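Hi,

Here is the structure I promised to pass on. Have a look at it first, and then read my notes below.

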Amino acid sequence: RMAREASRLYECLLIAGVSHGDVEAKVIELYSRPRVSATLATLPCMSLAGGSTFDLRQDENGRRWDFRLAADRDRARRRILQEKPFLVVGCPPCTEFSSVQALNYARLSDEEQQRRWAEACVLFGFALQIYRLQLAGGRRFLHEHPAGASSWQLAEVERLRADPRVGDVAG
């Protein structure tokens, strides 16, 4: 069985014209259930494979990731550094950056607004840290956030977008 799988792998490599190292390139999802990585597993002859997913709900061991906690951010960062994924797909919660969510702010106390904003900044900031790690390692990232989200105006995001290695597409 393993010989058949290896044969199929090399057949795919020849068809796709990629190296053996490329076929082992991983795609990691940050703040997302397995979507991209699950789809990659169903496609024949792909030069990318699904890697870890860091879902806010739970990981493959049933443990919930809580990136508000420094320990969980450190654990995920170590794993990403170890896996060295070709691509990180980041989907940080847009909650406090959403124009629709902003409609509810008048109903919240000042303390609740501050708590929510601080939490959103921690989660979003962690994604930006991972993107910078990817760039430093010569790897890639894909950031998913609504085009109308206020996060695009953050100074850190503007600095990241100004990097010549970073492209920008609105879909």
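Cys 121 sits in helix α6. By the way, keep in mind that this is a predicted model. Is Cys 121 buried or exposed? Neither, quite: its relative accessible area is 31%, and because buried means under 20% and exposed over 50%, Cys 121 counts as partly exposed. If you want a landmark for it, try Pro 92: the two residues are 29 apart along the chain, and their C-alpha atoms are separated by 10.0 Å.

While you have α6 on screen, it helps to look at two other helices that it meets, α7 and α4.

Take α7 to begin with. Helix α6 covers residues 110-136 and helix α7 covers residues 155-162. Their axes come within 11 Å and cross at roughly 20°. Angles under 35 degrees count as roughly parallel, so α6 is roughly parallel to α7. The crossing of this pair is left-handed. Which residues of α6 meet α7? They are Phe 124, Leu 128, Tyr 131, Arg 132 and Leu 135, and on the α7 side you'll find Glu 156, Val 157 and Leu 160. Sorted by class, that contact has six nonpolar residues, two charged ones and no polar ones.

Now for α4. The axes of α4 and α6 also come within 11 Å and cross at roughly 20°, which makes α4 roughly parallel to α6. This time the crossing is right-handed. From α4, the residues involved are Arg 73, Ala 76, Arg 77, Ile 80 and Leu 81. They meet Val 122, Phe 126, Gln 129, Ile 130, Leu 133 and Gln 134 in α6. By class, the contact of α4 with α6 has seven nonpolar, two polar and two charged residues.

Just past α4 there is a residue worth clicking on. Lys 84 is in the loop between α4 (70-83) and β3 (87-90). What is the phi of Lys 84? It is positive, at about 45°, although Lys 84 is not a glycine. Most residues other than glycine have a negative phi. Lys 84 is also exposed, with a relative accessible area of 53%.

For a contrast in setting, go to Leu 30, in strand β1 (residues 25-30). Leu 30 has 0% relative accessibility, so it counts as buried. What is Leu 30 in contact with, leaving aside its neighbours within four places in sequence? The list is Phe 54, Phe 67, Val 88, Val 89, Gly 90, Cys 91, Phe 126, Ala 127 and Ile 130. You've met Phe 126 and Ile 130 already, as α6 residues in the contact with α4. One more pairing to look at is Leu 30 with His 143: they are 113 residues apart in sequence, yet 9.6 Å apart in space, C-alpha to C-alpha.

Finally, the overall picture. The chain has seven helices and four strands, and along the sequence they follow the pattern α-α-β-α-β-α-β-α-α-β-α. Of its 171 residues, 34% count as buried, and Leu 30 is one of the buried residues. Among contacts between residues at least 6 apart in sequence, 60% join residues at least 24 apart. The accessible surface of the chain comes to about 10,400 Å², with 55% of that belonging to carbon and sulfur atoms.

Shout if you'd like to go through any of this together.

Cheers

Conventions
Residues numbered from 1 in each chain as written. Predicted model: local features only at pLDDT ≥ 70, side-chain atom pairs only at ≥ 80, totals over all residues. Heavy atoms only, no water. Buried < 20%, exposed > 50% of the residue type's maximum accessible area, 1.4 Å probe, protein only. Contact = heavy atoms within 4.5 Å. Areas by Shrake-Rupley, 256 points an atom, 1.4 Å probe, with all protein chains shown as cover. Axes fitted to C-alpha atoms, helices over the stretch in contact; angles between N-to-C directions. Parallel < 35°, antiparallel > 145°, perpendicular 65-115°, else oblique. Left-handed = near helix turned anticlockwise from the far one by under 90°. Nonpolar A, V, L, I, M, F, W, Y, C, P; charged D, E, K, R; others polar.
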